[in-house]
Amino acid sequence: QLQLVESGGGLVQPGGSLRLSCTAPGSTWNYYNIGWFRQAPGKEREGVSAITSSGGDTNYADSVKGRFTISRDNAKNTVYLQMNSLKPEDTAVYYCAASYVGNWDVIPGLDPRGFGSWGQGTQVTVFS
């Protein structure tokens with residue numbers, strides 16, 4: 001199990017941007033698909049985006065397509081979520097999570113039950 005750490009959350013106005021980062025120092029980072037999830041009060045945890053271990057394929061929830069971009073730098077053990085054109089409904093605690101895939105090319109699903117390691121979360125608030 002990885003020890004994941006998210007950063008980059010904060011308070012922004014509608015239409016603004018944030019970049020979230022997820023890291024696991026010292027890990028075998030390239031053996032894991034990485035996903036971003038979010039949970040707002042009173043709602044179920046929702047898959048936002050995911051990326052394959054190699055970074056070759058990505059997946060996005062319909063609600064964020066065209067606004068969010070996921071990327072990874074395996075040399076830095078870091079995955080990013082660039083969030084543009086933020087809306088109030090994007091307000092949530094954002095979590096990164098890891099799914100071990102070894103050297104298999106496994107599609108990055110958005111079901112949280114497929115991810116075994118989770119970070120502590122970072123708060124994103126879109127408010128004016």
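This is a short tour of one sheet, one disulfide, one serine and the main nonpolar core, in a model that is predicted.

**Stop 1: the open sheet**

Start by selecting β1, β3, β8 and β7. These four strands make up an open sheet, and β1-β3-β8-β7 is their order across it. The pairing is antiparallel. Colour residues 5-7 and 68-73 to mark the edges: they are β1 and β7, and each of these strands pairs on one side only. If you fit axes to the strands, neighbours in this sheet are turned by 15° against each other on average, direction ignored.

**Stop 2: from β1 to β3**

Next, keep β1 on screen and add residues 18-23, which are strand β3. How many bridges join β1 and β3? There are three, and the two strands pair in the antiparallel sense. For one of the residues to click on, try E6: its bridge partner in β3 is C22. Hold on to that cysteine, as it leads to a later stop.

**Stop 3: S21**

Now pick S21, which also lies in strand β3. Is S21 buried or exposed? Its relative accessibility is 14%, and buried means under 20%, so S21 counts as buried. Show what surrounds this serine, leaving aside neighbours within four places in sequence: V5, E6 and S7 are in contact with S21, and so are W36, T78, V79 and Y80.

**Stop 4: the disulfide**

Return to C22 and display C96 as well. A disulfide joins the two, with an S to S distance of 2.0 Å. A search of the whole structure finds one disulfide. The link connects distant parts of the chain, since C22 sits in strand β3 and C96 in strand β9, 74 residues apart. Both C22 and C96 are buried. Which hand does the disulfide have? The torsion about the S-S bond is about 60°, so the disulfide of C22 and C96 is right-handed.

**Stop 5: the nonpolar core**

Finish by showing side chains for L4, W29, W36, F68, L81, M83 and Y94. They have the most contacts inside the largest nonpolar core, a set of 28 residues. To see where the core comes from, select β3, β4 (32-39), β5 (46-51) and β7, then add β8 (78-83), β9 (92-100) and β11 (122-126); each of these strands supplies at least two core residues. Which strand gives the largest share of this core? That is β9, with four residues.

Note on methods: Residues numbered from 1 in each chain as written. Predicted model: local features only at pLDDT ≥ 70, side-chain atom pairs only at ≥ 80, totals over all residues. Heavy atoms only, no water. Pairing = 2+ DSSP bridges. Axes fitted to C-alpha atoms, helices over the stretch in contact; angles between N-to-C directions. Core = buried A, V, L, I, M, F, W, Y, C linked by side-chain atoms within 4.5 Å. Buried < 20%, exposed > 50% of the residue type's maximum accessible area, 1.4 Å probe, protein only. Disulfide = S-S within 2.5 Å. Contact = heavy atoms within 4.5 Å.
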